[in-house]
Amino acid sequence: MRYVAIGDSFTEGMGDERADGVPRGWADLVAAGIAEATGETVQYANLAIRGRLLGPILDEQLDVALGLDPTPTMLSLNGGGNDMMRRGTDMDHLLELTEMAVRRTSEAGVRMLLLSGADPSEHLPFGKVIHRKGTILSAAVRELTERYDALFVNVFGDEEIRRAPYWSADRLHLNAAGHRRVAGLVLTALGHATTAHRIDPGPAPSKGLLAEARYYREHVLPWVTRRLRGRSSGDGRAAKYPAWTPIG
């Protein structure tokens, strides 16, 4: 098994940082889970970089992923979340880009795994718009994967992961528990006997006035400032595993 992951912060693993500050995330956990389930070493690469729109993900990462030596046996793609957070999202264009990626991956003889990102809409100030766009894109991608015989994991449709305990303080990125749940969903879809992680129900987190003011100051305002300046959280960052790395 040679598994390469491409995408944005969701696939990079943001929100599930290890002690050394390097993100882990669901894709790392999937590689480790495959190795454990099969008893074989998995060659793993992760080219994802936070903040990337879908176009740049494909422009900067897809050719590199398919050009790895030896060729990957499986490639996972998630993208479009950052596009959907901007006004005037062209949903048809996102689907066209996704289909192009599926077609090129299929033509290269590489198994394609597509994921929709987890749905953060219940926790965000502009959540209804994100939910509407994500629902449309997830349904379209599901239909696309059926036509191309690719594997689709609909994380966006998973109601359990929408609960607050699976999310980081910024309410946009999953935390360690959230990434662990995604990994379980993916491993199950790949045919490995795995139960998706579930957090025991607990009291809803407090959202008092001071807590909300702190959230907007620490997370929403910096995001808006970057948009106004044309900057990205991924500027200057490189892929964490740009070459084959043995797992297991």
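**Notes on the sheet, the pocket and a few odd residues**

1. Let me start in the middle of the sheet: I6 has L77 of β3 as its bridge partner. One step along, A5 is bridged to S76 of β3. Both belong to the pairing of β1 (residues 2–6) with β3 (residues 74–77), a parallel one over four bridges. Bear in mind while reading that this is a predicted model.

2. L77 also looks the other way, since its bridge partner in β4 is L114. Here too the strands run parallel, with four bridges joining β3 to β4. As a reminder, strands of a sheet pair through backbone hydrogen bonds, either parallel or antiparallel.

3. What about the two faces of β3, covered or not covered? Both are covered: M74 and S76 are buried on one side, and L75 and L77 are buried on the other. That split fits the usual rule, as side chains in a regular strand alternate between the two faces of the sheet.

4. Zooming out, the sheet is open and has six strands, ordered β5-β4-β3-β1-β2-β6, with mixed pairing. Its edges are β5 (151–154) and β6 (241–247); each has a single partner strand, so one side of each lacks a neighbour in the sheet. From one strand to the next the twist averages 20 degrees.

5. Two helices are worth a look against this sheet. Helix α5 (residues 91–107) packs on the sheet and touches β3 and β4, its direction making about 155 degrees with that of β4. Helix α7 (residues 176–189) lies across β4 and β5 and runs at about 150 degrees to β5.

6. Now T145, which sits in helix α6. Is T145 buried or exposed? Its relative accessible area is 3%, which is under the 20% cut-off, so T145 counts as buried. Leaving aside residues up to four places away in sequence, T145 touches L114, A150, L151 and F152. L114 is the β4 residue we met above as the bridge partner of L77.

7. A few backbone spots deserve a check by eye. D69 and P70 are joined by a cis peptide bond, with omega at about 0 degrees; P70 is in the loop between α3 (54–66) and β3.

8. Then there are two residues with positive phi that are not glycine. For D149, phi is near 60 degrees, and this residue is in the loop between α6 and β5. R171 has a phi of about 65 degrees and is placed in the loop between β5 and α7. Their surroundings can be set side by side: D149 is exposed at 73% relative accessible area, whereas R171 counts as buried at 14%.

9. Last, the largest pocket, which holds about 880 Å³ of space. Which residues lie nearest its centre? They are S9, G81, N82, M85 and L172, out of a lining of 49 residues. Elements giving two or more residues to that lining are α1 (9–12), α4 (81–84), β4 (111–116), α6 (127–148) and α8 (209–229). The largest share, eight residues, is from α8. By type, the lining residues come out as 25 nonpolar, 17 polar and seven charged.

Methods. Residues are numbered from 1 along each chain as its sequence is written. This is a predicted model: local features need pLDDT of at least 70, side-chain atom pairs count only at pLDDT 80 or more; totals for chains, interfaces and linings use all residues. Side-chain values use heavy atoms; hydrogens and water are left out. On a 1 Å grid over the protein atoms alone, a cavity is a set of points where a 1.4 Å probe fits but cannot get out, and a pocket is an open set with protein on both sides within 12 Å along at least five of seven lines; lining residues have an atom within 4 Å of a point. Grid points are joined across faces, edges and corners, and a volume is the space filled by probe spheres set on the points. Ala, Val, Leu, Ile, Met, Phe, Trp, Tyr, Cys and Pro count as nonpolar, Asp, Glu, Lys and Arg as charged, and the others, Gly among them, as polar. Two strands pair if DSSP finds at least two bridges between them. Axes are lines fitted to C-alpha atoms, for helices over the stretch in contact, and angles run from 0 to 180 degrees between N-to-C directions. Contact means heavy atoms within 4.5 Å. Buried means under 20% relative accessible area, exposed over 50%, partly exposed in between (1.4 Å probe, protein chains only).
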